[in-house]
Amino acid sequence: MHEPDYDIAGETAIVTGASQGIGKSIAETLAASGANVAICSRSIDRVGPVAEDINEAEDVPGEALAVECNVREREQVQSFVDETVEAFGDIDVLVNNAGGEFVANFEDISENGWKTIVDLNLHSTVHCTQLAGEVMREGDGGSIVNLSSVNGQHAAPGESHYGASKAAVIRLTETLATEWAGDGIRVNCIAPGLIQTPGVAETLGIQSEDMPSREKTERRIGHAEEIADAVQFLVSPAASFITGETLTAKGVPRAGNSMSQDLGLE
Ligand SMILES: CCCCCCCCC/C=C/C(=O)SCCNC(=O)CCNC(=O)[C@H](O)C(C)(C)COP(=O)(O)OP(=O)(O)OC[C@H]1O[C@@H](n2cnc3c(N)ncnc32)[C@H](O)[C@@H]1OP(=O)(O)O
Ligand SMILES: NC(=O)C1=CN([C@@H]2O[C@H](COP(=O)(O)OP(=O)(O)OC[C@H]3O[C@@H](n4cnc5c(N)ncnc54)[C@H](OP(=O)(O)O)[C@@H]3O)[C@@H](O)[C@H]2O)C=CC1
C-alpha cells in the first residue's frame, strides 16, 4: 500500500527570520522532522536562543546553527550560506521567511520607506535564492518555499508597498519553478492570512492569549504552526509533483482579502 513520505531527516534547511513568529515555528518543525536547520535574524542575541532550545531538546533529532544575518545585505547572505555549507555540508531546503511591513497609505510612503519594504520582502528573497540556489543547483537540487501573503494575492488599503512586494514573490516563485525544474529544484509559495506572531501583535495589538485553538474551524486568526506544517509538507517527498504553486492558508474559503475583511477595512 502507498504511504505518503513526509521524511526530511538528514536534510539541511535554511530558514530566514527565525528568531520569532512563523520562521521560528518553521525551524522547530523542520528540526523535529530530523532536518538540520541553519537559521538567521538581524540579531544573534535573538536567534541564538532559538537554536539553543532546538539543540537542547532531547526529542528533536535535527541540529540547529544560528547566524546573525540581515537578509537585505547580499554579502551577509553569502556568509550565512557559506557557514551553513561548512556546518552541514550541503543545502537541500530554503525557506525565505524573513519579511515585514508597516501599514501606511501610498501617499504617505517616502522613497526610502518604499525601498525598505521591497528590499526586505523581495530583494532579500532574491539574494537568498540566488546564493543558496547556487549550492542547491551544484548539488542534488532541493526545495524552496517563499512566504508571500494574502496581501500579495488581493488588494488591501495601506498595503501598496507590501502587497506589491509579496505579489512579486509569487511571480518569482512561478518563474523559478520553470527555470530550475531541470536542476531538480521545486519552488513553491505560501500565502498566509492573518497569523498570530509577535510582529502582528506589534502591528495590530492582537495578543496570544486571545488565540482560539487549532481545532476551531470557524473563522479565526491562525497559529504559526499551521504555516510551519504546510512548509513541512511542501519541502517533503510527499509534495514531489508540486512546484510553482502558491498555497493559500487563511482558514476560510472566502474570495478576496480575508485579512482586510476581518479587520473591517473593506
Ligand atoms: C490587510 C490590512 C492591513 C493590516 C495588516 C496587518 C498586518 C498583518 C500582516 C502582517 C504581515 C507581516 O509581515 S507581520 C510582520 C511584521 N514584522 C515586521 O515588520 C518586523 C520587521 N520590521 C521592521 O524591521 C521594520 O518595521 C521595518 C520598517 C520594516 C524596517 O525597519 P528599518 O529599521 O530598516 O527601517 P526604518 O529606518 O525604521 O524605516 C525605513 C523607512 O520607512 C519609513 N517608515 C517606517 N515606518 C513607517 C510608517 N509606519 N509609516 C510610514 N513610513 C514608515 C521610515 O520613515 C523610513 O523612511 P524615511 O523616513 O524616508 O527615511
Ligand atoms: N503574521 C502574519 O499574519 C503574516 C505574515 N506573513 C509573512 O510571514 C513572514 C513572517 O512573518 P511574522 O512571523 O509575522 O513576522 P515577525 O515580525 O513576527 O518575525 C519576523 C522575523 O524576521 C526577522 N527579520 C526581520 N527583518 C530581517 C532581516 N532584514 N534580516 C533577517 N531577519 C529579519 C525577525 O528577526 P529580528 O527582528 O531578530 O531580525 C523575525 O525573526 C513574513 O515574510 C511576513 O510578511 C505573511 C502573511 C501574514
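The following dialogue explains how to read a nonpolar core and a helix pair in a predicted model.

Biologist: What should be known about the model and its numbering?

Modeller: This is a predicted model, in which local features need pLDDT of at least 70 and side-chain atom pairs count only at pLDDT 80 or more, while totals for chains, interfaces and linings use all residues. Residues are numbered from 1 along each chain as its sequence is written, and chains are lettered from A and ligands numbered from 1 in the order in which they are written.

Biologist: How many residues has the largest nonpolar core?

Modeller: In soluble globular proteins, nonpolar side chains tend to be buried together. Here the largest nonpolar core (buried Ala, Val, Leu, Ile, Met, Phe, Trp, Tyr and Cys residues joined through C-beta atoms within 7 Å; buried means that 20 or more other C-beta atoms lie within 10 Å of a residue's own, placed from the backbone) has 63 residues. Val15, Ala27, Val37, Ile39 and Val231 have the most contacts inside this core. Helix 8 (residues 224-235) supplies the largest share, 7 residues; a helix is a DSSP run of H or I, at least four residues, numbered from the N terminus.

Biologist: How is the pair of helix 4 and helix 6 described?

Modeller: Two packed helices are described by the angle between their axes and the distance between the axes. The axes (lines fitted to C-alpha atoms over the stretch in contact, with angles from 0 to 180 degrees between N-to-C directions) of helix 4 (residues 111-138) and helix 6 (residues 160-179) come within 8 Å and cross at roughly 15°. The two helices are therefore roughly parallel, a term for angles under 35 degrees.

Biologist: Which residues of helix 3 and helix 4 make their contact?

Modeller: The axes of helix 3 (residues 74-88) and helix 4 come within 9 Å and cross at roughly 30°. Arg74, Val77, Gln78, Val81 and Val85 of helix 3 are in contact (C-beta atoms, placed from the backbone, within 7 Å) with His127, Cys128, Leu131, Ala132 and Val135 of helix 4.

Key
Buried ≥ 20, exposed ≤ 12 C-beta atoms within 10 Å, placed from the backbone. Parallel < 35°, antiparallel > 145°, perpendicular 65-115°, else oblique. Contact = placed C-beta atoms within 7 Å.
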